[in-house]
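User: I should like to learn how to read a model of this kind, beginning with the contact between chains. Please give the general idea and then the case at hand.

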Amino acid sequence: MKTGKGARAGQYLALLAYLLFLAFPFLWLVSTAFKPARELASLHPTWIPKDPTLANFRQAFDEQPLLRAALNSLAAALGAALIAVLIATPMAYVLARRRTLLAKAATGWVVVSQAFPFVLVIIPLFLLLKNLRLIDSVPGLVMVYVVWALPFALWMLVGYVRAVPAELEEAAAVDGASRVRTLVSITAPLLAPGIVATALFAFISAWNEFFFALVLLKTPEKQTLPVVLTHFIGAEGVADLGPLAAAAFLATLPSLVVFAIIQKRITGGMLAGAVKS
Amino acid sequence: MRARLLVILAVFGLLLTACTDSGRDPHGVITLRFQSLAWQQESVAANKDLVAEWNATHPDVKVKYVQGSWDSVHDQLLTSFEGGEAPDVIHDASDDLADFAYGGYLADLRGLLSDRLKSDIPRRSWRTTTFGDGIYGVPFLQEPRVLIADAGRLRKSGVRIPTPERPWSWAEFRQVTKKLSGDGRYGVAWPLKEPVSATLNLSLSAGGQLFHRGADGRVTVRFEAGDQLVPRTIHDQVGADRSAPDSTLGSGGSDTLPGFFGGKYAMVPLGFSYRQQIVQQAPKGFDWQVLPAPAGADGLTQGVSPQTLSIAEDSPHKKEAAEFVDFLLRPKNMVRLALGDWMLPTGTEALKDPALHTDKYGWATGTALADRLSPAPAQSVRGYPEWKDKVATPAFQEYYSGAIGLGELRRRLEKDGNLVLARYQR
């Protein structure tokens, strides 16, 4: 069925409206980051700053150690993403390929474990890490992030593994490929977009995470970016809006860049196996 | 041989103890962790400067400045206390201390503080940090709620300008806001995102108590005439007079500033420290002034929850921590902290400082109110947070928006409220 020109225009218009709706908070953040203090309190705010300034960025860097916090966040997020994927991939493969009762129970448990709220686990976790002497250390935080990201990463990867037809592996075996060769040459390349997507998920959730970092890191030099951002907020929710927006804008950039670079691979991975050709 | 081995083991043991003794390095230097919630540029600078000055003059007791956040301090402290990893010196507010004090996490400061500090801070301020028989924090900064007014508009209207000596009564305030309203403009904008603390604290001026402690020590809620004056005034300004907009009832103080600068509102009741934002954000040439909040039967009395400094019960160096607190709160230092935070010091000596008596930015008006600031009515009532969240906040919000009347407000605060409090007093 052919879509008429009017209908097509309507579709694009709806899409544009949806995009604007999604982008609104980010665009407002960018606008705020470049506005001087007096413009922020204007009764008639404008999208484009009338008198754009970099003062908020200067103040944000002067007041808080943003660069050091960003490096801490990067270390924690990269470590968490890498380790989560390394652990989740073989687990997901087994759970996807061996459809036993145990695998089903394990998958169910993984889903259930997502329901535990932060506040329920934070004190036992704190005591556990204290006994392991991992309080106030980025490796300790990475460990927590890995455990926290693992269930969802596993659940995502099981779906990706299932999308890779088992027949391909059987065909490779018939052609004489060993088990390892099959996994490395056949399954792994097909699974790559899924692994990247999962790593991205683990990276972004660790990059944005606030509460564990707040509780587990005591030394100011080890604090991550989300924790440092709260230092721009005072009692009763009063905020130093300009520097906060500037710092938040900078904190959002890495996630955006990483996502922009690999988004094609993600959509490719998500669609893999969706239709029979 | 055996004796030598014992000596070696003893020395090793001592070294190990030295290394594991929290906050003391092998050279015997004690390190205290001071978690500050200062967040404004000037305030952070004042705190850091004072820490640097202490460290320069106390080589044996080093203080490490740790930046905390108002946004999450309760959860963060609770976890740190449970895990035995709390900072030695803790900056917080008196209304956040009850659970920590009753939970045994904070040191009783009675035997630790100097006589100078004890006598410098008035008894009414100490009451804000007294829980049971102990004192669990040093109240050091506080702020009254004041009216920030568009000076030009007030002058033009010809209304009498109130002073701390001759404030407006609540009835007069209502008349003034009526006179200042019209043509889409309002006499006052009430930012009541947190309606309970604002209402209860201001109600002290009219003799409101709300929480009544019986001879058996049990607390009950009674919403009496003195408690009703302030809520009724606000309700009538919004609903009957249209001299206050209903759109700001759910807003925070900062959210009302654009409307204030834009001429929409003639006055905004705000905490004294908001002046810093006004100085930063007001359009050039905007003429504003600080007025005292209206007075009732009890004059200008109002409730406050001062900022506090406490010492963790688990700290192995309470004496040194108390000495550091004493240093931070010497009159001159207290003034520096107060100026940095745009608040008032609690110390009587600090309050005499000329910097706090200048008319610029309304400092003199705020300082004149200092001796009328009392403990917020509810802060030592167990179960208050639940009463506030589950009963009082929705009840006041609905009353101010006109959804319920005074009778229903009273029923909810008393009947539903007392059920909540009773659970904490069994």
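Analyst: An interface may be read by asking which residues each chain contributes. In this predicted model, the contact takes 28 residues from chain B and 27 residues from chain A.

User: Which helices and strands of chain B each supply at least two residues of the side that touches chain A?

Analyst: Helix H2 (41–57), strand S2 (61–67), helix H3 (73–82), helix H11 (257–261) and helix H12 (275–281) of chain B each do so. The largest share comes from H11(B), with 4 residues.

User: What is the make-up by class of the side of chain B that touches chain A?

Analyst: That side has 15 polar, 8 nonpolar and 5 charged residues.

User: How is chain B divided into domains?

Analyst: Domains are read from their residue ranges, which need not be continuous in sequence. Domain 1 of chain B comprises 2–136 + 307–345, and domain 2 comprises 145–304 + 378–424. Their C-alpha centres lie 35 Å apart.

User: How many residues of each domain of chain B are in contact with the other?

Analyst: The contact involves 10 residues of domain 1 and 7 residues of domain 2. On the domain 1 side, the classes are 5 nonpolar, 3 polar and 2 charged residues.

User: Which residues touch the most other members of the largest nonpolar core?

Analyst: A core is read as a network of buried nonpolar residues that touch one another. Here the largest such core has 179 residues, and Ala80(A) and Ile148(B) touch the most other members. Helix H7 (residues 138–163) of chain A provides the largest share of this core, 16 residues.

User: Which residues does Ile148(B) touch, not counting those up to four places away in sequence?

Analyst: With that exclusion, Ile148(B) touches Met267(B), Val268(B), Leu270(B), Tyr274(B), Ile278(B), Trp288(B) and Val290(B). Strand pairing gives a second view of one of these contacts: Ile148(B) stands opposite Val268(B) in S11(B).

User: How do strand S7 and S11 of chain B run, parallel or antiparallel?

Analyst: Strand S7 (residues 145–150) of chain B and S11(B) run antiparallel and are joined by 5 bridges. Strand S8 (residues 186–188) of chain B, by contrast, runs parallel to S11(B), with 2 bridges between them. In that pairing, Val188(B) stands opposite Met267(B).

User: Is S11(B) mostly covered or mostly uncovered?

Analyst: Burial is read residue by residue along the strand. Strand S11 (residues 265–271) of chain B is mostly covered, with 7 of its 7 residues buried.

Definitions and conventions:
Residues are numbered from 1 along each chain as its sequence is written. Chains are lettered from A and ligands numbered from 1 in the order in which they are written. This is a predicted model: local features need pLDDT of at least 70, side-chain atom pairs count only at pLDDT 80 or more; totals for chains, interfaces and linings use all residues. Domain bounds come from an automatic or database domain assignment. Two residues are in contact if their C-beta atoms, placed from the backbone, lie within 7 Å. Ala, Val, Leu, Ile, Met, Phe, Trp, Tyr, Cys and Pro count as nonpolar, Asp, Glu, Lys and Arg as charged, and the others, Gly among them, as polar. A nonpolar core is a set of buried Ala, Val, Leu, Ile, Met, Phe, Trp, Tyr and Cys residues joined through C-beta atoms within 7 Å. A residue is buried if 20 or more other C-beta atoms lie within 10 Å of its own, exposed if 12 or fewer, and partly exposed in between; C-beta atoms are placed from the backbone. Two strands pair if DSSP finds at least two bridges between them.
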